[in-house]
Amino acid sequence: MNCLTVRNLISAYIDCELDPEQKREFRNHLFHCPECNEEYEQLMSIKNCLENSCQEPVDFNLLEALYARIEEEKLAINPQTDGFYWGSRILMTAACLTAFFLTTFMLFPMKQKSTAQTNLSFSSPGIMMDQNITIDQPVNVYQASWVLP
Amino acid sequence: MTVAQSVARAKPISDQIALFESMVLTHEKALYQFAYRLCGNHHEAQDLLQEGLYRAYKSFAKFETGTAFDRWLYQIIHNLYIDHYRKRKRRPSVTSIDEPIQHLETEKTVEIADWTLNPENQAMRSELGDQIQRGLEELSPEYRTAVILCDIQGLSYEEISQVLNCSIGTVRSRIHRGRKMLRRLLLPYIQEKGAAQG
Ligand SMILES: [Zn+2]
């Protein structure tokens, strides 16, 4: 075994992953080669260092975390199991309806007003539609749709 | 279906759950240690563990009794981590992890100079722990997992090759290179500690 081969096998030797013949040759080389021996000592100290690195304290319950995750998934698949779900559904529908009626009321304020205008426009049967436009009245398309049949 | 039949059918499921729970409890510490060393912080490690356990729980039917439960979970956790890591980093270099990495090994020399100056023995112990973690984080996830599984979790090369789904030769070279990269960061600490103690 030459130095290059030995250096590539250092970790495998440290981890007892060499076959007996390789192990014997490896030891033989280290005995005669201080450079490879130093390399071996250094890598050995790295392994020892990691092996002896202090265990981090565990303040975490794995099973609790697992069941919390399972619950999360159940809620995501079957949201109706949640009591609040339907309550919030009804509230949302009510809010949408209210908003719809309010907007409609504001956009088409008073039917009386438009009929008054109609009366005004058509009070005299002699006045034609195009004459109305020439008076420079502001035109609202929604009001127009109310007025016209 | 009669009551007896439904009980007969339900029983194996509850047995399976009990088995799963007992296996998790048996390997609790090792699993946490693995996730923590992989992520480098408790918060991420706990998220990773939770998701890993959840995936394992859902596919527990695929688990073959008689095979090692801890290795099966290491594999699930490692794959989850790699998936997440790749999405986060999007580094093209991940494809060539087993190529020679001389340039990486020489780059690291810059960082180590200052760390040897700390003479306090107690502070050094916790700092060595930090330094180990920092060193592990310098490694790409595939190297990191191989080194953690070998040196901290105590698995053989063959067991690691099953977890990482690669050849024993690949495991051997990842561990060897990983240790050499760690040496650049850790050796000054270890030598300082040795000098302070002896
Ligand atoms: Zn030599």
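How many helices and how many strands are there in chain A? In this predicted model, chain A has 8 helices and 0 strands, so its pattern along the sequence reads simply α-α-α-α-α-α-α-α. Chain A runs to 149 residues, of which 23% count as buried. Among its contacts with a separation of 6 or more, 54% come from residues 24 or more positions apart.

Helix 3 of chain A is a handy one to check against ideal geometry. It covers residues 34-51, 18 residues in total, and at 1.5 Å a residue it should span 26 Å. The C-alpha atoms at its ends sit 25 Å apart, which agrees with that expectation. As for what this helix tucks away, its buried residues are a mixed bag: A:Cys36, A:Glu39, A:Tyr40, A:Gln42, A:Leu43, A:Ser45, A:Ile46, A:Lys47, A:Cys49 and A:Leu50.

One of those buried residues, A:Cys36, also turns up at the metal site. The zinc ion takes its protein donors from A:Cys3 (SG), A:His29 (NE2), A:Cys33 (SG) and A:Cys36 (SG), at 2.1 to 2.3 Å. Angles among the 4 donor atoms come out at 105 to 115°, and the site is tetrahedral. Along the chain, the donors are spaced as C-x25-H-x3-C-x2-C. Within this set, A:Cys3 and A:His29 tie together distant parts of the chain: A:Cys3 belongs to helix 1 (residues 3-14) of chain A and A:His29 to helix 2 (residues 20-32) of chain A, with the two 26 residues apart. Are these two donors buried or exposed? A:His29 has 14% relative accessibility and therefore counts as buried, the cut-off being under 20%. A:Cys3, at 34%, counts as partly exposed because that value falls between the 20% and 50% limits.

Turning to the partner chain, 39 residues of chain B are in contact with 37 residues of chain A. Between them the two chains bury about 3,600 Å², and 63% of this lies on carbon and sulfur atoms. On the chain B side, the residues that lose the most area to chain A are B:Tyr54, B:His176 and B:Arg179, which together make up 17% of what that side buries.

A polar contact between the chains involves B:Arg37, whose side chain pairs with the side chain of A:Ser53 at 3.3 Å. B:Arg37 is part of helix 1 (residues 3-39) of chain B. With a relative accessible area of 2%, B:Arg37 is buried.

Definitions and conventions:
Residues are numbered from 1 along each chain as its sequence is written. Chains are lettered from A and ligands numbered from 1 in the order in which they are written. This is a predicted model: local features need pLDDT of at least 70, side-chain atom pairs count only at pLDDT 80 or more; totals for chains, interfaces and linings use all residues. Side-chain values use heavy atoms; hydrogens and water are left out. Helices (H or I, at least four residues) and strands (E, at least two) are DSSP runs, numbered from the N terminus. The expected span of a helix is 1.5 Å times one less than its number of residues. Buried means under 20% relative accessible area, exposed over 50%, partly exposed in between (1.4 Å probe, protein chains only). Donors are N, O and S atoms within 2.8 Å of the metal (3.2 Å for Na, K and Ca); water is not among the atoms, so sites may look incomplete. Four donors count as tetrahedral if all angles lie between 85 and 135 degrees; four count as square planar and six as octahedral if opposite donors are over 155 degrees apart and all others between 65 and 115; anything else is irregular. A polar contact is a pair of N or O atoms within 3.5 Å; within protein, one must be able to donate a hydrogen and the other to accept it, and residues adjacent in sequence count only if both atoms are side-chain atoms. Contact means heavy atoms within 4.5 Å. Buried area is the accessible area (1.4 Å probe) that two parts lose on being put together, summed over both.
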